[in-house]
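The following exercises are to be worked through with the sequence and the coordinates at hand. Each task is followed by a solution in steps.

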Amino acid sequence: MIEVGVPGFVSDTWNAISAPPRTPAPIVAKLNRTMNDIINQDDMKKRFAELHLVPVGGSPGDMRKLVEEETRRWGDVIKKAGIQPE
């Protein structure tokens, strides 16, 4: 998009693992630790590379920040485009 004249265009695709609201913090921490361990295993790194995926990992706070940023970004796009819910 940048090449066709849309400066600063960003459109990423991401996936995340999430737990239901009010999941106890120790369980969230254990799930997070386990997922970070899994994506750092050599066989998983290899598989992600084969799929052209870039695993990031991080903390629940990192994910919360990403969701907030994406909500703001795409909310602005929706408002500027005048898109109305159907």
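What percentage of the 86 residues of the chain count as buried? The model is predicted, so that local features need pLDDT of at least 70 and side-chain atom pairs count only at pLDDT 80 or more, while totals for chains, interfaces and linings use all residues. Residues are numbered from 1 along each chain as its sequence is written, and side-chain values use heavy atoms, with hydrogens and water left out.

**Exercise 1. Determine the buried share and the overall dimensions of the chain.**

Step 1. Buried means under 20% relative accessible area, exposed over 50%, and partly exposed in between (1.4 Å probe, protein chains only). By this criterion, 5% of the 86 residues are buried.

Step 2. The radius of gyration of the chain is 17 Å, whereas a compact globule of 86 residues would have a value near 12 Å. The radius is taken over C-alpha atoms, and the globule rule is 2.2 Å times the number of residues to the power 0.38.

Step 3. Along the principal axes, the C-alpha atoms fill a box of roughly 40 × 35 × 20 Å.

Step 4. The accessible surface amounts to about 7,700 Å², and 59% of this surface belongs to carbon and sulfur atoms. The areas come from the Shrake-Rupley method with a 1.4 Å probe.

**Exercise 2. Describe the secondary structure and locate S59 within it.**

Step 1. The chain contains three helices and zero strands, in the order α-α-α along the sequence. Helices (H or I, at least four residues) and strands (E, at least two) are DSSP runs, numbered from the N terminus.

Step 2. S59 belongs to the loop between α2 (42-50) and α3 (60-81). This residue counts as partly exposed because its relative accessibility is 31%.

Step 3. Between the C-alpha atoms of S59 and K80, which are 21 residues apart along the chain, the separation is 32 Å.

**Exercise 3. Identify the salt bridges of α2 and α3 and the exposure of their partners.**

Step 1. Side chains of opposite charge can pair when their charged atoms come close. A salt bridge is a side-chain nitrogen of Lys or Arg within 4 Å of a carboxyl oxygen of Asp or Glu. The whole structure holds four salt bridges.

Step 2. In one of them, R47 pairs with E50 at 3.2 Å, N to O. The two residues are separated by about one helical turn, because they stand three residues apart in helix α2. R47 is partly exposed at 43% relative accessibility, and E50 is partly exposed at 43%.

Step 3. K65 and E69 form another salt bridge, with their closest N and O atoms 4.0 Å apart. Both residues lie in helix α3, four residues apart, about one turn of the helix. K65 is exposed, with a relative accessible area of 52%, whereas E69 is partly exposed at 32%.

Step 4. E70 and R73 meet in a salt bridge of 3.2 Å, N to O. They are three residues apart in helix α3, and therefore separated by about one helical turn. R73 is partly exposed at 30%, but E70 counts as buried because its relative accessibility is 10%. In addition, salt bridges that share partners join K46, R47 and E50 into one network.
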